[in-house]
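Biologist: I should like to go through the assignments in this model one by one. For each, please state the criterion and then the value that meets it or fails it.

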Amino acid sequence: MTSSSYASHPIDSERMPWIPMGRPGLAFKPLRFFRDGSGWMYLFRLEPGTLIPRHRHVGESHAFNISGRRQLLDTGEVIGPGTYVYEPPGNVDSWQVVGDEPVVLHITVKGGIEYLGEDGQVLKSVSPAERLETYRRWCQEHGTEFLATCE
């Protein structure tokens with residue numbers, strides 16, 4: 001192996017704009033997409049009052065709250081800055097931003113995410129490949145440099 005395969009890959013997230021994620025109130029800054037297609041790592045920004053509907057994580061998820069507060073709707077627990085949340089594969093939850101400040105999370109998602117209906121049926125799913133394509137398409141449409149790593 002060459003020494004470059006061990007090189008650091010810094011990403012200046014300040015150079016990256018917040019990219020809309022479909023519905024109003026949601027935006028992301030992708031940091032890394034895993035080369036094997038198994039997941040992604042990103043900064044996730046949600047505006048006050050934004051609701052994340054009931055969803056299931058296909059693989060594990062790791063979320064670190066950088067700023068703002070969110071309430072886990074199933075337990076009522078409020079997660080604030082500096083709190084880390086681990087969600088095992090198959091975890092089902094929903095949550096909402098509380099207070100006047102946007103929430104910014106650093107999240108690593110393995111596998112995809114399935115959004116669920118009232119009776120548990122999958123209404124929509126998001127795979128790592130789809131999230132990567134969203135970012136590639138946005139960069140092309142806006143003439144923006146692709147800054148995330150694909151390792």
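Modeller: Let us begin with accessibility: a residue is buried under 20% relative accessible area, exposed over 50% and partly exposed in between, with a 1.4 Å probe and protein chains only. Please note that this is a predicted model, in which local features need pLDDT of at least 70, side-chain atom pairs count only at pLDDT 80 or more, and totals for chains, interfaces and linings use all residues. Residues are numbered from 1 along each chain as its sequence is written, and side-chain values use heavy atoms, with hydrogens and water left out.

Biologist: Why is Cys-150 called partly exposed?

Modeller: The relative accessible area of Cys-150 is 27%, and partly exposed is the class between 20% and 50%. Cys-139, by contrast, has 5% and is therefore buried.

Biologist: How do you know that the structure holds 0 disulfides?

Modeller: A disulfide is counted when two cysteine sulfur atoms lie within 2.5 Å. The cysteine sulfur closest to that of Cys-139 belongs to Cys-150 and is 10 Å away, too far for a bond. Taken from Cys-150, the closest is that of Cys-139, again at 10 Å.

Biologist: What makes the pair of Phe-33 and Tyr-135 stacked?

Modeller: Rings of Phe, Tyr and Trp (its six-membered ring) pair if their centres lie within 6.5 Å; planes under 30 degrees apart are stacked, over 60 edge-to-face, and the rest tilted. The search of the whole structure finds 5 aromatic pairs. In that of Phe-33 and Tyr-135 the centres are 6.2 Å apart and the planes stand at 25°, so the pair is stacked. Phe-33 lies in strand E2 (residues 26-33) and Tyr-135 in helix H1 (residues 128-142), so the pair ties together parts 102 residues apart in sequence. Helices (H or I, at least four residues) and strands (E, at least two) are DSSP runs, numbered from the N terminus. Phe-33, at 3% relative accessibility, is buried, and so is Tyr-135, at 2%.

Biologist: Why is the pair of Tyr-42 and Phe-44 called tilted?

Modeller: The ring centres of Tyr-42 and Phe-44 are 5.5 Å apart and the planes are at 55°, so the pair is tilted. Both residues are buried. Ring pairs also link them with Phe-28 and Trp-40 into a cluster.

Biologist: How do you know that the charged end of Arg-131 sits over the ring of Phe-28?

Modeller: The criterion asks for NZ of Lys or CZ of Arg within 6 Å of the ring centre and within 35 degrees of the ring normal. The charged end of Arg-131 is 5.5 Å from the centre of the Phe-28 ring. Arg-70 likewise lies over the face of Trp-95, at 4.5 Å from the ring centre.

Biologist: What makes E11 and E12 partners, and which strands stand at the edges of the sheet?

Modeller: Two strands pair if DSSP finds at least two bridges between them; 4 bridges join E11 (residues 113-116) to E12, and the two run antiparallel. Ile-113 stands opposite Val-126 in E12. The open sheet has 6 strands in the order E7-E6-E9-E4-E11-E12, with antiparallel pairing. Strands E7 (78-79) and E12 (122-126) stand at the edges, each with a single partner strand, so one side of each is left without a neighbour in the sheet.

Biologist: Why does Ser-61 count as buried?

Modeller: Ser-61 counts as buried because its relative accessibility is 2%. Ser-61 is found in strand E5 (residues 61-67).
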